[in-house]
Amino acid sequence: MGITRILTAAQMRKADEITIASGLSAFDLMDRAGRIVANSALKCVPDYSRIVVIAGPGNNGGDGFAAACHLRKYRIPVTVVSLVPVDSLSGELKKHANLAVKAGVKVREATSLGAIGEVERWLSRSSIVIDAIFGTGLCRGLGGLMAEVVAKINACDRPVFSIDIASGICSDSGVILGVAVKADMTLPIAATKWGHWLAEGRDYTGRLLDVADIGISDDAIEASWRETCDCDDEQERCFCVNSASLINDEYLKAAWPPRPRLSHKGYFGHVWVFGGSVGFTGAPQLAGLGAYAAGAGLASIICPDEVWPIIASANLEVMTHPESSSAWQKADAIVAGPGWGLERGELLSRLLDTEKPLVVDADALNMVAANPALQSKLANRTALTVITPHPGEAARLLESDIGTVQDDRKQAVLDLVRRYRCWVVLKGSETLVASPDRDIYLNPFGSPQLAIAGSGDVLAGMIGAQLSRQKGDGATLGELISSTVALHAKAGAREGWYLPGELAKLVSEVRQNLERGDGKEK
Ligand SMILES: NC(=O)C1=CN([C@@H]2O[C@H](COP(=O)(O)OP(=O)(O)OC[C@H]3O[C@@H](n4cnc5c(N)ncnc54)[C@H](O)[C@@H]3O)[C@@H](O)[C@H]2O)[C@@H](O)CC1
Ligand SMILES: Nc1ncnc2c1ncn2[C@@H]1O[C@H](COP(=O)(O)OP(=O)(O)O)[C@@H](O)[C@H]1O
Ligand SMILES: [K+]
């Protein structure tokens, strides 16, 4: 399984340009896209009945014509409904339209609202509708004829197969630009786009098929990231995406290799959780359980003296010390914040001063958000640091609001990196992980079942476990942190209701399956 890249529209255009400049023609790219669309769509057609392609004015429409042509090779009856006059097409679009006609594709035009009844009739005769109206070139809200056609597609009760992205979804933000096709499946061309994942995009994409490889190389994609950065000063001001990819099962395997037979608890690291306060005695315990679930050898809690007896007596597994203890100085990694309250700024400041790998979570983030001195310490910390805000905490850290964070999560995660210069885990549906060098990893796993108080505490402890055993096993930091988010999400997506403490158990089951290498994790 290769890496699945995530691109913006500008990056996709740049990667196309680079590929074309290297000798692969735009005609061939479109032909390859069309062939893969045809083969994928055929898998969804029950018999050799008619396929209707709705083609828009740009290259997405061109992919539609090319697909129609390839479908004819299997003698499938195909109608292309062009939403612009076919005579107005030019370049490779025109060539593919001509080839489609030659191959026996019925080409019809619907270029004004008066034709909407016709469109409805063609749709009713199709076994599957291929949406080739707009791809990454959509730049403004749909209106008039285009909007009416989209409404008819959504009402036609046929499976809808979108080429590249559901028409009407902004490929950079996932928001609906006026109206959008509600696809049953989408075939991403050359790479996934942010719009498949963000905002409403994920719901409108339907099943996201494997990326169609049309010959745009990884090198071209990496160059597109570099060449679409328009910052003046790479060192100081640049906060464009350096790379973006989906977290996949390979990351999980890299992060949890088989346990060495001669290993011991020290090998897997000792995580220390700083947290707990009156009313919030469970949070550090959940983080401790999370640390064990992700594979830590030892987990301990340091909590305020007044809650120490409660936390210490509530569990056997996680060692518990009052704040006066200095045993934590041997920690392999520290998790600060779960249930800690807002009165622990001085201790947090000391932890920021250490060279220990540190996860800053929950109330520790709230203290940072309220205190410029802590902000500066966090931003200038040289040791490995991960912050794990949910959207509310992210808004506080950015002096913004939750709506702004959620409307552009990619930008929010980059803004957090720019400001705090550390690893960022922006939680929520489709959690984003970003490195200080602005490599972004998107977590496609999970379930709204995770929206339960305490599940974030479990995750913080899990990340602590990964940081405490970074000595191990050859996985990169990006793999370690993003696979931890994915493991938590996979465990949380398992059938049935669970309490956050039980989530730790589910995490440990998925993790053990990975370590055994028996591939049974679901
Ligand atoms: N080099 C190529 O030829 C390749 C093209 N590809 C396909 O091409 C697509 C991108 O093609 P384009 O950049 O031509 O973009 P689109 O095909 O998405 O559409 C752009 C056209 O739509 C018009 N438009 C935008 N918003 C509109 C609105 N709201 N109402 C009416 N018209 C609107 C624009 O003026 C432009 O003419 C990709 O999504 C992919 O499907 C890929 O197959 C990769 C290779
Ligand atoms: N709708 C959702 N879909 C997927 N994951 C979710 C959803 N809502 C919450 N989560 C996950 O659940 C966890 C909640 O963390 P957080 O909000 O910090 O909770 P708490 O502080 O109560 O532990 C995060 O890992 C988040 O990504
Ligand atoms: K489309």
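The potassium ion, ligand 3 in this predicted model, is coordinated by six residues, and I will go through them with the atom that each one contributes. Asn-60 gives its OD1 and Ser-167 its OG, while Asp-131, Phe-134, Ile-163 and Ile-165 each give the atom named O, and these contacts run from 2.6 to 3.1 Å.

What is the arrangement of the six donor atoms around this ion? The angles that the donors subtend range from 66 to 171°, and that spread makes the arrangement irregular. For orientation, six octahedral donors would ideally give angles of 90 or 180 degrees.

If you follow the donors along the sequence, the spacing reads N-x70-D-x2-F-x28-I-x1-I-x1-S. Asn-60 belongs to helix α3, residues 59-73, whereas Ile-163 belongs to strand β6, residues 160-163, so this pair ties together parts of the chain that are 103 residues apart in sequence. As for solvent, Asn-60 is buried, and Ile-163 is buried too.

Let me now move to the helix packing, beginning with α10 and α18. Helix α10 covers residues 282-294, and its axis lies 6 Å from that of α18, with an angle of about 45° between them; the two helices are therefore oblique to each other. The crossing of α10 past α18 is right-handed. On the α10 side, the residues in contact are Ala-283, Leu-286, Ala-287, Gly-290, Ala-291 and Ala-294, and on the α18 side they meet Asp-457, Val-458, Gly-461, Met-462, Ala-465 and Gln-466.

Helix α18, which spans residues 455-468, also packs with helix α20, residues 500-516, where the axes come within 8 Å and cross at roughly 40°. That angle makes α18 oblique to α20, and here again the crossing is right-handed. Which residues of α18 meet α20? They are Ser-455, Val-458 and Met-462, and their partners in α20 are Pro-500, Leu-503, Ala-504 and Val-507. Please look at Val-458 and Met-462 in particular, since both appear in the contacts with α20 and also in the contacts with α10.

I would finish with one residue of α20, namely Gln-512. Is Gln-512 buried or partly exposed? With a relative accessibility of 37%, Gln-512 counts as partly exposed, because that value falls between the 20% and 50% cut-offs. The C-alpha atom of Gln-512 is separated by 8.8 Å from that of Gly-295, although the two residues are 217 residues apart along the chain.

Terms used
Residues are numbered from 1 along each chain as its sequence is written. Chains are lettered from A and ligands numbered from 1 in the order in which they are written. This is a predicted model: local features need pLDDT of at least 70, side-chain atom pairs count only at pLDDT 80 or more; totals for chains, interfaces and linings use all residues. Side-chain values use heavy atoms; hydrogens and water are left out. Donors are N, O and S atoms within 2.8 Å of the metal (3.2 Å for Na, K and Ca); water is not among the atoms, so sites may look incomplete. Four donors count as tetrahedral if all angles lie between 85 and 135 degrees; four count as square planar and six as octahedral if opposite donors are over 155 degrees apart and all others between 65 and 115; anything else is irregular. Helices (H or I, at least four residues) and strands (E, at least two) are DSSP runs, numbered from the N terminus. Buried means under 20% relative accessible area, exposed over 50%, partly exposed in between (1.4 Å probe, protein chains only). Axes are lines fitted to C-alpha atoms, for helices over the stretch in contact, and angles run from 0 to 180 degrees between N-to-C directions. Angles under 35 degrees count as roughly parallel, over 145 as roughly antiparallel, 65 to 115 as roughly perpendicular and the rest as oblique. A crossing is left-handed if the near helix is turned anticlockwise from the far one by less than a right angle, and right-handed if clockwise. Contact means heavy atoms within 4.5 Å.
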